[in-house]
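Biologist: Could you walk me through this structure one step at a time? I'll ask the questions, and you show me how you reach each answer.

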Amino acid sequence: MQTQPSIQFSKRLLYNLLYKRPPISDLKKIHAQIIISSQKSLTDSLIHCYLRTNNVNVARILFNNYPFPSPPTLVWNLVIRAYSKLQDDAYKVFDEMPEVDVFSWTSLLGAYVNGGEMGVASKFFEEMPVKNDVSWAVMISGCVGCGRYAEALRYFGELGKSEHNVKTNEAIVVCALSACAHLGALDRGSWIHGYIGKNGISETSNIRTALIDMYAKCGRIDCAYRVFDRISKPDVHNYTSMISGLSIHGLGEDAIRVFNQILVDKIKPNEVTILGVLNGCSHSGMVQQGLLIFYNMENSWGIVPKIEHYGCFVDLLGRAGYLAKAFGVVKSMSIDPDVVVWRALLSACRVHRNTYLGERIVNHIGQLDSQSQRGAEILLSNLYASLGKWDSVSILRHEMSKQKNQADIGCSWIEVNGSIYEFRVADQLHPQIIEIREKLSEILKRAGLVGYAANINYVSFDLSDEEKEQAVAWHSEKLAIAFAFMSTAPKTSIRVVKNLRTCEDCHSALKAISKVYDRQIIVRDRSRFHTFRDGKCSCNDYW
Ligand SMILES: [Zn+2]
Ligand SMILES: [Zn+2]
């Protein structure tokens, strides 16, 4: 019988193997060789490799049985970071550390942020004895990640104070700009743009993408285009940000023009680019171009349509009145249609006053299993209501009340004199709420003079999330606008950002207000920009 010659691997060779980031199957073999040749000094690299392949438990065993007195701080930090999904364990590791440095603190902060425990994270952050730029980036990006935009900007402002002596990095700037974009905080966003220049922060591609996005979402597509135009060789992200910006402004032809430029530059568009340009086609009624892009996306650029692309495509067809074709696309989809797709389809039925197809679609949704119906309940309930099927309405409403979602509460933001104010539906919290409501009543009364009448029996064919906001009169964008009237000079434009789609009642109220008070009102809702001027809206009442 032949025996295998025993091969001893040298330390150098084993180290090189680990350095190549082996997959777990190879890693186990290398680990075995390390045990055989008792190369204990490779433990750190081994722990690192196990953590990288998500084998936290093996890493922890090696860590707990560390062959030397204590692992170096770097290894401790790696282990804490690996536990970022399990805060208690991360904390335990942190607590046992003989020596902590700024990276250990930051790793544990990251654990709290990743776990979504923002309350604990911010308290922990305040208590940190040392902070570096990474700690600030973790905190600010954490706030942005869970929708605490105003808080993110507060931290960004705090960072600027000289006592911290921390240099702002790219991640911090990108997150702060993203917070401004969400809030529509133009003044703050432009200030950050200036800050980048003054502080010698190099305008990386990520920063430029964020600047374009910020300006576009704050209603200044001209500034967004100026940033884009200055880039000598735009990459796919710069292009995508520009195209999406043009689309939400209803500038479909410009979006197509920039999209053609990306193809001339021989840059491969990604799925977000395609979504942006489809959206632009949809908002501008460019059916042919939209069809061409949708049906070629897989062949030309290897992008398989996702649910978002279908939603956009169905919207495009529906808006243009190709209702049957749109329904056909939905029925033949390779993935289950979601609520966005149904909404697009049913909104089209409403606008084109096709109750027959609307009813057929409702029946179709009714036959789907409850999983596929999820999220379509409000839509269905509105549809049943419009068809007078009240039994079905009450059953659905009962189901819905059991699963109320915080994220669906209407909320608007407005920037006045550099500060950001948040309004929620039927707000009771704002210190000036009584005056604001009085002002609003006065404004709505005057709006009534040009034909605005509150739509109290508001029943929409469409899934309007606003349905959840009980009192139409106290919708958050109306409150924000009343506040703007109290705090700004007559005739200045008002910019409001709303987290949901704006409802029909607010839409007609804002049209009337823009006429009576001769003010331009710009509202960015979840789907697009609405510029109200002289009694009309830029969306031509289709949103
Ligand atoms: Zn409303
Ligand atoms: Zn509009």
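## Charged pairs, metal sites and strands

Modeller: Happy to! Let's begin with a charged pair: the side chains of K306 and E271 form a salt bridge, with 3.0 Å from N to O. Keep in mind throughout that this is a predicted model.

Biologist: How many residues apart are K306 and E271?

Modeller: K306 sits in the loop between α18 (287-301) and α19 (307-319). E271 belongs to helix α17 (residues 271-283). The pair thus links distant parts of the chain, and the separation is 35 residues.

Biologist: Is E271 buried, partly exposed or exposed?

Modeller: Buried would need a relative accessible area under 20%, and exposed one over 50%. E271 has 34%, and its partner K306 has 38%. Because the value for E271 lies in between, the class is partly exposed.

Biologist: How many salt bridges does a search of the whole structure find?

Modeller: Side chains of opposite charge can pair when their charged atoms come close. The pair of E203 and R230 is a nice case to look at, at 3.6 Å from N to O. Searching the whole structure gives a total of 16.

Biologist: Which parts of the chain does the pair of E203 and R230 tie together?

Modeller: The side chains of E203 and R230 meet in a salt bridge. R230 is in the loop between α14 (221-229) and α15 (236-248), and E203 is in the loop between α12 (186-198) and α13 (205-217), so the pair ties together parts 27 residues apart in sequence. The parts you asked for are therefore two loops, the α14-α15 loop and the α12-α13 loop.

Biologist: Is R230 buried, partly exposed or exposed?

Modeller: E203 has a relative accessible area of 25%, which makes E203 partly exposed. For R230 the value is 52%. The cut-off is over 50%, so R230 is exposed.

Biologist: In which helix do E442 and K439 lie, and which residues join E203 and R230 in one network?

Modeller: E442 and K439 form a salt bridge at 3.5 Å, N to O. They are three residues apart, about one turn of the helix, and that helix is α26 (residues 433-448). As for the network, salt bridges that share partners join E203 and R230 with R208.

Biologist: On to the metals. What is the geometry of the site of the zinc ion (ligand 2)?

Modeller: The protein donors are H507 (NE2), H530 (ND1), C537 (SG) and C539 (SG), at 2.0 to 2.2 Å from the zinc ion (ligand 2). Along the chain, these donor residues have the spacing H-x22-H-x6-C-x1-C. The angles among the four donor atoms run from 104 to 114°, and tetrahedral requires all angles between 85 and 135 degrees, so the site is tetrahedral.

Biologist: What is the relative accessible area of H530?

Modeller: C539, another donor of this zinc ion, counts as buried at 5%. H530 is also buried. Its relative accessible area is 0%.

Biologist: What spacing do the donors of the zinc ion (ligand 1) follow along the chain?

Modeller: The protein donors here are H475 (ND1), C503 (SG) and C506 (SG), lying 1.9 to 2.3 Å from the zinc ion (ligand 1). H475 is in the loop between α26 and α27 (476-487), whereas C503 is in the loop between β3 and α28, 28 residues apart. Both H475 and C503 are buried. The spacing is H-x27-C-x2-C.

Biologist: Which residue in β4 stands opposite V496?

Modeller: Four of the five residues of strand β3 (residues 494-498) are buried. Three bridges join β3 antiparallel to strand β1 (residues 411-416), with W413 partnered by V497. Four bridges join β3 parallel to strand β4 (residues 521-524), and the residue opposite V496 is V523.

Biologist: Which hand does the crossover from β3 to β4 have?

Modeller: From β3 the chain passes through helix α28 (residues 504-516) before reaching β4. This is a β-α-β crossover, and its hand is right-handed.

Biologist: Last one: how far apart are the C-alpha atoms of L109 and A121?

Modeller: L109 is in helix α7 (residues 102-114) and counts as buried at 0% relative accessibility. Residues that L109 touches include A121, F124 and M128. L109 and A121 are twelve residues apart along the chain, and their C-alpha separation is 5.9 Å.

Key: Residues numbered from 1 in each chain as written. Chains lettered and ligands numbered in written order. Predicted model: local features only at pLDDT ≥ 70, side-chain atom pairs only at ≥ 80, totals over all residues. Heavy atoms only, no water. Buried < 20%, exposed > 50% of the residue type's maximum accessible area, 1.4 Å probe, protein only. Pairing = 2+ DSSP bridges. Right-handed = clockwise from strand over helix to strand, strands pointing away. Donors = N, O, S within 2.8 Å, 3.2 Å for Na, K, Ca; no water. Tetrahedral: all angles 85-135°; square planar, octahedral: opposite > 155°, others 65-115°. Salt bridge = Lys/Arg side-chain N within 4 Å of Asp/Glu carboxyl O. Contact = heavy atoms within 4.5 Å. Lists of a residue's contacts leave out its neighbours within four places in sequence.
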